[in-house]
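Open the structure in your viewer and keep the selection tool at hand. The tour below goes stop by stop.

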Amino acid sequence: MDTVRSFAAALADADPSETTDSKLIDLMRVLEELKSAAAAVQARAAAVFDASQRRAQSRAGVPAEHLGRGIGAQVALARRDSPHRGSRHLGFGKALVHEMPHTLAALSSGVLSEWRATLIVRETACLDLEDRHRVDELICADPSSLEGLGDRKLIARIRSITQTIDPASQVRRNAKAVSERYVSCRPAPDTMSYLTGLLPVAQGVAVYAALSRAADSLRAAGDERGRGQIMADTLVERVTGQTAADRIPVEVQLVITDRTLLAGVVAPRGRIARGWGDQGWGDQDGVPGMPAARTAAQSDKPAYFPGYGIVPGAWARELIRSALGAGDRRAAPPPPAGRQSPSGAGLFTEPPPGAAASSEPPTDNARFPDPEPAGLVAPPAELSLVSLRRLYLDPVSGELTAMESKARTFPAGLARMIRTRDQTCRTPWCDAPIRHIDHIQPHAEGGPTSYTNGQGLCEACNHAKEAPGWNATTIRTTPPGNGSASTPTPARPTVARPTPRTDPVSRHKVRITTPTGHTYTSTAPPLPGARLQETGIKGTRP
């Protein structure tokens with residue numbers, strides 16, 4: 001182990017700038033072969049680790065159907081990868097070690113890259129063990145036959161052999177592929193997204209043909225949008241049932257600061273307004289203490305869109321304008337006091353100037369109506385698509401104010417706060433959507449149903465932590481701030497200014513301990529309006 005670390009350190013210090021071009025090419029080839037050899041060692045290590053952990057779980061009395069739970073997650077943490085990919089790495093290693101020795105040998109020698117070895121494992125997954133051995137031998141027993149083969153040629157050769165050996169394998173492969181149909185949504189650059197559907201070919205072609213016919217019909221009728229634009233809009237309208245693609249009647253749940261949301265509304269240019277600046281209270285719009293550039297910068301602070309990530313503040317405001325059907329946000333009326341849209345397009349705001357951090361929500365609902373209390377009247381029709389939901393950030397730590405419940409399950413409001421704080425699964429390197437709100441200290445062991453003892457996890461990570469030897473604890477942080485703000489007045493207010501923190505010490509932290517004794521610390525990401533930007537993820541060896 002020490003030898004490997006020393007070698008890695010030597011590679012990190014290597015400087016190829018004085019090397020000739022010919023030797024640079026040789027160096028890149030050798031390093032590529034080294035990467036393949038390292039991948040082979042990782043595969044062997046994963047297979048051995050899996051066998052050892054299964055024996056340990058069996059001795060601990062784990063039922064046979066649960067053996068292996070949490071092993072892929074440990075592999076993922078060790079490789080700084082997501083749990084999903086960790087399980088793939090584990091399956092890849094076990095297949096090479098136990099079923100495909102020739103492929104493993106080719107990988108170890110550097111003839112095969114890790115990706116091409118993965119292709120061989122993937123393309124032979126539907127074969128029984130004996131046939132898989134035969135394909136492994138025919139493809140990789142002679143390493144020289146692999147020279148010059150690209151991905152497509154390699155896949156074509158494998159499929160040709162498998163079709164000859166086991167014609168029924170293609171039928172099983174097709175049936176397996178149909179059972180794995182799905183729809184996914186992934187972020188794309190510039191506040192766009194990829195909506196992907198993996199469908200049987202006949203269904204996929206039928207969907208595309210229907211959208212094409214709709215686009216051609218509208219274009220013939222004089223629609224000025226491009227063909228691709230019409231197809232995209234038609235897809236949204238037909239799936240959601242909306243009459244217009246940009247009128248989203250759902251809970252948007254934007255996380256945004258009040259300065260970003262109300263830019264140009266609360267303090268139009270030419271009027272003097274006093275507000276909370278990056279350094280405390282100050283004057284805006286050219287008044288000393290708050291230059292116009294700083295005011296503009298505050299207005300441009302980003303927002304957080306769940307399921308996507310950070311978005312520009314101007315884009316978030318335009319999304320609200322579109323939902324309101326208003327071309328100019330300044331022309332749209334402010335939200336009426338005490339009214340809430342049933343659709344709940346939530347906007348999470350940081351504390352207003354001078355508000356002290358508290359476990360109780362502020363009582364002023366004139367500008368930011370709280371949707372939770374009963375008896376709220378319906379809003380006017382023009383506001384039916386947008387509402388404001390307030391969750392307040394501590395002005396120093398960037399943490400949401402705390403809540404707790406005596407129930408075992410997390411109430412909807414508390415679960416929403418935790419989802420807002422954590423954004424995605426809290427396991428390091430896992431970007432999966434939150435599916436479960438989990439007790440960090442289990443409820444059966446006396447763990448409270450509280451904001452501090454809750455964390456958002458994906459389904460796989462929540463199941464993994466139930467395996468023997470896993471443990472999670474909340475790391476207690478120092479209380480944020482050292483004073484409370486006084487009530488602001490029309491004149492320049494006086495406040496006890498807490499010292500801004502420059503580290504994530506006050507944000508929610510969880511320490512994860514795996515069965516091998518390795519520990520990983522995950523810190524909640526900063527929300528819009530917070531000054532803390534560190535990722536806060538650390539890993540240590542026992």
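Two strands count as paired if DSSP finds at least two bridges between them. Keep that in mind for the first stop, and remember throughout that this is a predicted model.

**Stop 1: three strands.** Select residues 509-513, which are strand β14. Which residue of β15 is the bridge partner of Lys 509? Show Thr 523, since that is the partner of Lys 509. Now display the whole of β15, residues 519-523: β14 and β15 run antiparallel and are joined by five bridges. Between these two strands lie five residues, and the whole forms a hairpin. Within the turn, click on Gly 517, whose phi is positive, at about 90°.

Next add residues 471-475, strand β13. β13 pairs with β14 in the antiparallel sense, again over five bridges. To see one of the pairs, pick Thr 473 and then Arg 511, its bridge partner in β14. While the strands are on screen, recall a general point: in a regular strand, side chains alternate between the two faces of the sheet.

**Stop 2: the end of a helix.** Select residues 412-422, helix α15, and go to Asp 422. Is Asp 422 buried or exposed? Its relative accessible area is 2%, and the limit for buried is under 20%, so Asp 422 is buried. Leaving out residues up to four places away in sequence, show what Asp 422 touches: Ile 434, Gln 455, Gly 456, Ala 524 and Pro 525.

**Stop 3: a nonpolar patch.** Move to the surface and select Phe 7, Leu 11, Leu 27, Leu 31 and Leu 34. Together these residues form a nonpolar patch with about 390 Å² of accessible area. Colour helix α1 (2-12) and helix α2 (21-59); each supplies at least two residues of the patch. Which helix gives the most? α2 does, with three residues.

One residue to click on here is Leu 27, in helix α2. Leu 27 has 36% relative accessibility; this lies between the limits of 20% and 50%, so Leu 27 counts as partly exposed.

**Stop 4: confidence.** Colour the chain by pLDDT. The mean over the protein chain is 75, and 66% of the residues reach 70 or more. Select residues 266-297, where pLDDT stays under 50; the model has 59 contacts beyond four places in sequence for this stretch. Then select residues 479-504, where the pLDDT is also below 50. This second stretch has 49 contacts in the model beyond near neighbours in sequence.

Note on methods: Residues numbered from 1 in each chain as written. Predicted model: local features only at pLDDT ≥ 70, side-chain atom pairs only at ≥ 80, totals over all residues. Heavy atoms only, no water. Patch = residues over 30% accessible without salt bridge, like charges linked within 9 Å, V, L, I, M, F, W, Y side chains within 5 Å. Areas by Shrake-Rupley, 256 points an atom, 1.4 Å probe, with all protein chains shown as cover. Salt bridge = Lys/Arg side-chain N within 4 Å of Asp/Glu carboxyl O. Helix = DSSP H or I, 4+ residues; strand = E, 2+ residues; numbered from the N terminus. Buried < 20%, exposed > 50% of the residue type's maximum accessible area, 1.4 Å probe, protein only. pLDDT = per-residue confidence, 0-100. Contact = heavy atoms within 4.5 Å.
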